[in-house]
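Visitor: I'm new to this one, so please pick out its aromatic rings and take me through them slowly. I'd also like to know what surrounds them.

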Amino acid sequence: MAEVGTGPGAGTVGTVSYLQRFTVAYEYPVVFTEGLFRPDNPVLAETIARLEPHRRHRCLVFVDGGLSAVRPGLAREIEAYFRAHGERIELVAPPLTVPGGERIKNDLFHVEWMMGLVYDHRLDRHSFILAVGGGAVLDAVGLVAATSHRGIRLIRVPTTVLAQNDSGVGVKNAVNLRGSKNFVGTFAPPFAVLNDLDFVDLLPARDKIAGMAEAVKVALIRDRDFFHWLERNALALAAFERPAMARLIRRCAELHMHQIARGGDPFETGSARPLDFGHWAAHKLESLTRHHLRHGEAVAIGIALDTRYSVLAGLLEPGADERVAALLELLGFRLWNPALEARTAEGTLAVLQGLQDFREHLGGELTVTLLEDIGRGVEVHAMDEALIERAIGWLVDRARP
């Protein structure tokens, strides 16, 4: 603490200001494994006990309802795991099922209900909450963990491609309010992230494809070599070959982690959010379609739109837009949706409201990441609506038979 200014002088009360400064270091393991809840896999038990190995740790587990539907024995597997490692970990209640997808984020009732369970089971700040599911469940359960007792230890077990390679390894938690995506939320790093590739095998093809959009995004803004790898392995990825999927997930997660740790703004106090390349349109498309578009599907459209815009604005060499669109289409994305052409009562494109929403979410100054090369993003603070319309027209033309 340093004194940075004083008032009028001797003999008066004056004003004294202090600059309070401290640094808090965060670290958490991100593990890639298989068979996480097999009793012979020690990863979960060792992760929970890593700071206090001689303590028996109390845990409350929430499981994505969509996951429970395709793996109905999962709750029993989790209970058996805790019994096998009972000297170190205990369940305070059987695993609890919560709604998957945007349902859990669109109604604050779910958050309040989970908080009530935390209260009823008397979890303290040294207890653990496990969130097992897709990104929406991780978001909502993470908000509960971050705000109950001002912070209970959270272990994320992401079970989708999108959650394992992007949202699950980050520091954000949020739910929606009045149609505004992620309006109620916190920045709170998890205690650990445990990725189990076996869960990816259970996903429908549509969800496997949707999760690949974030890999294309982060390759475009950060890693040219990774983009080349995606192009070379597009057919293997489109067929969901396990080694290719494992490589995509790990590298994408590594790049997201690198940006969070070394990008200089992990809690987004500034207005730049490079990891949201393609997202200003994507978030609006999700709401315009009432989330019939998966997040990754909307991001793929947003990526193609902003890549084409980058070419039209003279930032990116011509042909790169075709190259990016071709990769996305080969992976299985459709780069058009009727919501792209929807208009307001005033006749403007409805998706353009996404720019205003983005500006408000960033704190007042618009900062959008575009491309100046494959593997290198560039920040701009304004977008030309006429060029956006031309970029959308390009996507419309591509979608025509």
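**Rings on the inside**

Guide: Let's start with the whole chain: 52% of its 401 residues count as buried (under 20% relative accessible area with a 1.4 Å probe and protein chains only; exposed is over 50%, partly exposed lies in between). This is a predicted model, where local features need pLDDT of at least 70 and side-chain atom pairs 80 or more, while totals for chains, interfaces and linings use all residues. Residues are numbered from 1 along each chain as written, and side-chain values use heavy atoms, without hydrogens or water.

The chain has 18 helices and 13 strands (DSSP runs numbered from the N terminus: H or I of at least four residues, E of at least two). Its C-alpha trace spans about 75 × 60 × 40 Å along the principal axes. Take the contacts (heavy atoms within 4.5 Å) between residues at least 6 apart in sequence: 73% of them join residues at least 24 apart. Keep that in mind for the rings.

Rings of Phe, Tyr and Trp (its six-membered ring) pair if their centres lie within 6.5 Å; planes under 30 degrees apart are stacked, over 60 edge-to-face, the rest tilted. Six aromatic pairs turn up in this way. Have a look at Phe37 and Phe199: their ring centres are 6.5 Å apart and their planes sit at 70 degrees, so this pair is edge-to-face. Phe37 is in the loop between strand S3 (30–33) and helix H1 (43–48), while Phe199 is in helix H8 (residues 197–201), so the pair ties together parts that are 162 residues apart in sequence. Both Phe37 and Phe199 are buried.

Now move over to Phe128 and Phe191, which form another edge-to-face pair, with 4.9 Å from centre to centre and 85 degrees between the planes. Here too, distant parts of the chain are linked, 63 residues apart: Phe128 belongs to strand S7 (residues 128–133), and Phe191 to the loop between strand S10 (180–187) and strand S11 (192–196). Phe128 and Phe191 are both buried.

Back to Phe37 and Phe199 for a moment, as they have company. Together with Tyr81 and Phe82, they form one aromatic cluster.

While you're looking at rings, find Tyr309 in helix H15 (residues 295–312). Tyr309 is buried, with a relative accessible area of 5%. Leaving out residues up to four places away in sequence, Tyr309 touches Leu370, Ala382, Met383, Asp384, Leu387, Ile388 and Ala391. Leu370 is 61 residues away from Tyr309 along the chain, yet their C-alpha atoms are separated by 8.1 Å.

Rings aren't the whole story of the inside, though. Helix H10 (residues 213–222) is mostly covered, with nine of its 10 residues buried. Among those buried residues are Val216, Val218, Leu220 and Ile221, and also Glu214 and Lys217.

For contrast, finish with two loop residues. His149 sits between helix H6 (135–147) and strand S8 (153–158), and is partly exposed at a relative accessible area of 47%. Arg290, in the loop between helix H14 (279–288) and H15, is exposed at 72%. Neither is a glycine, but His149 has a positive phi of about 55 degrees, and Arg290 also has a positive phi of about 55 degrees.
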